[in-house]
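Work through the exercises below with the sequence and the structure side by side. Try each task before reading its solution.

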Amino acid sequence: MPLHNSSIKVREFIIGGFETTKRPLVVGVVILITYVLAILANIVNIVFIIYDRRLHKPMYLLICNLAVVDILYTSSACPTMIGVLLAGDNTISYVPCIIQMFVFHLGGVMEMLALAVMAFDRLIAIGYPFQYHSYLTNVRTLVLTYFLWIVACGFVAVMPATVLPLPHCSSKLKYTFCDFAAIIRTTCSVNLGYYFNMVTIIAFFLLFFTFIFICLSYVWIIVFVKLSSNDDRRKMGSTCLSHFIVVTCYYCPVFIRIVLTRLGVVLTLEARHGLMIGAILGPSLVNPFVYCLRTNEIKYKIFKIFSHCEL
């Protein structure tokens, strides 16, 4: 009862994560430029794949899905951070904040699932090249993708379902935008550990399930590569390198931020913010450029457009 008596009606949250930032304009400009580049690069990938019928294949549909995830993931948090740093608008209404939390975590979960299903695609393509197009058709790929979105929504729905019934004792967010950790800290609950542990179990399950699945896929791919000719090895290595770069860019900051902190590694607030921003912007910027530069069909399309422009 005392907790409910001291609770407040929150109509908007104050974002306080950048209060100690020394050069907010510089940080804001860097985030803005990176965000715009990431959005444009991913849109270019999507447009190329949609309008070129030769790219209507399972692998490119999955690349297109990853681009959609990257746009969702970056757009869930970056506009808010840019508004705080460049415009000084450090408030966000309650409902948009809850929506932002849901969309942000949905993007994070979908990033893991998208990378896992792309590893599965490469495993089938390399392990069973002759049966690949019968095993993984465009229709099956789309159905699988829709199913992953539904599963991701199911996992993430736990967060707003947890936060919404709880009374709030503060309207100030400790972090740089609305995520679960920031919002749950504003509640009057005396048992925050329970809620953090619940979400940590879900996060660990998704993180390790997808990462182990990707690693096992690469183990099988390596086995198939060893049994192949030198020419086939080069093709397989080139095909998998793009995915390996993308996986590394996403999982490294996530492991540092989630796993190491749970093992007792203490991060300063600035270091946490830096890792969070890097985990959001890094993969979303790297992914489209990796697939543009290392996928022959997309690279050929870009060179063809530039050659026409020069003429």
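The model is predicted.

**Exercise 1. The disulfides**

Find the disulfides, place each partner in the secondary structure, and give the pairing pattern.

*Solution.*

Step 1. Search the sulfur pairs. The cut-off is 2.5 Å between cysteine sulfur atoms. The whole structure yields two disulfides.

Step 2. Take the link of Cys97 and Cys178. Their S to S distance is 2.0 Å. Cys97 sits in helix H4, and Cys178 in the loop between E3 and H8, so this pair ties together parts that are 81 residues apart in sequence. The angle about the S-S bond is -110°, which makes the link left-handed. Both Cys97 and Cys178 are buried.

Step 3. Take the link of Cys169 and Cys188. Here the sulfur atoms are 1.9 Å apart. Cys169 belongs to the loop between helix H7 (158-163) and E3, while Cys188 belongs to the loop between H8 and helix H9 (192-226). The two are 19 residues apart. With 115° about the S-S bond, this link is right-handed.

Step 4. Check the cover of the second pair. Cys169 has 33% relative accessibility and counts as partly exposed. Cys188, at 5%, counts as buried.

Step 5. Count the bonded cysteines along the chain. The pattern is 1-3, 2-4.

**Exercise 2. Two more cysteines**

Are Cys78 and Cys153 buried or partly exposed?

*Solution.*

Step 1. Apply the cut-off: buried means under 20% relative accessible area.

Step 2. Cys78 has 0% relative accessibility, so Cys78 is buried.

Step 3. Cys153 has 28%, so Cys153 counts as partly exposed.

**Exercise 3. The salt bridges**

How many salt bridges does the structure hold? Describe the pairs of Glu19, Asp121 and Arg272.

*Solution.*

Step 1. Give the total. There are four salt bridges. Three of the pairs are treated here, those of Glu19, Asp121 and Arg272.

Step 2. Start with Glu19 and Lys172. Their side chains meet at 2.8 Å, N to O. Glu19 lies in the loop between strand E1 (12-15) and H2, and Lys172 in strand E3 (residues 172-173), so the pair ties together parts that are 153 residues apart in sequence. Lys172 has 41% relative accessibility and counts as partly exposed.

Step 3. Go on to Asp121 and Arg122. This salt bridge also has a distance of 2.8 Å, N to O. Asp121 is buried at 2% relative accessibility. Arg122 is buried too, with a relative accessible area of 11%.

Step 4. Finish with Arg272 and Asp179. The N to O distance is 3.4 Å. Arg272 is in helix H11 (residues 269-294), and Asp179 is in the loop between E3 and helix H8 (180-184). The pair links distant parts of the chain, 93 residues apart. Arg272 is buried, with a relative accessible area of 15%. Asp179 counts as buried at 3%.

**Exercise 4. Helix H4 and His105**

Compare the span of helix H4 with its expected value. Then describe the cover of the helix and the contacts of His105.

*Solution.*

Step 1. Note the extent. H4 runs over residues 94-127 and has 34 residues.

Step 2. Compare the spans. First C-alpha to last, the helix reaches 50 Å. The expected value, at 1.5 Å a residue, is 50 Å, and the helix is close to this.

Step 3. Assess the cover. Of the 34 residues, 28 are buried, so H4 is mostly covered under the 20% cut-off.

Step 4. Look at His105, which lies in H4. His105 is buried, with a relative accessible area of 16%.

Step 5. List its contacts, leaving out residues up to four places away in sequence. His105 touches Val156, Met159, Asp179 and Phe180. Asp179 is also the salt-bridge partner of Arg272.

**Exercise 5. The nonpolar patch**

Which residues make the nonpolar surface patch, and which helix gives the most to it?

*Solution.*

Step 1. List the members. They are Leu25, Val29, Leu32, Ile33, Val36, Leu37, Leu40 and Leu86. The patch covers about 650 Å².

Step 2. Assign the main contributor. Helix H2 (residues 24-51) gives the most, with seven residues.

Step 3. Test one member. Val36 is in helix H2. Its relative accessibility is 38%, so Val36 counts as partly exposed. That value passes the patch cut-off of over 30%.

Methods
Residues are numbered from 1 along each chain as its sequence is written. This is a predicted model: local features need pLDDT of at least 70, side-chain atom pairs count only at pLDDT 80 or more; totals for chains, interfaces and linings use all residues. Side-chain values use heavy atoms; hydrogens and water are left out. Patches are made of residues with over 30% relative accessible area and no salt bridge: like charges are joined within 9 Å, nonpolar side chains (Val, Leu, Ile, Met, Phe, Trp, Tyr) within 5 Å. Accessible areas come from the Shrake-Rupley method with a 1.4 Å probe; for residues, only the protein chains shown count as cover. Helices (H or I, at least four residues) and strands (E, at least two) are DSSP runs, numbered from the N terminus. Buried means under 20% relative accessible area, exposed over 50%, partly exposed in between (1.4 Å probe, protein chains only). The expected span of a helix is 1.5 Å times one less than its number of residues. Contact means heavy atoms within 4.5 Å.
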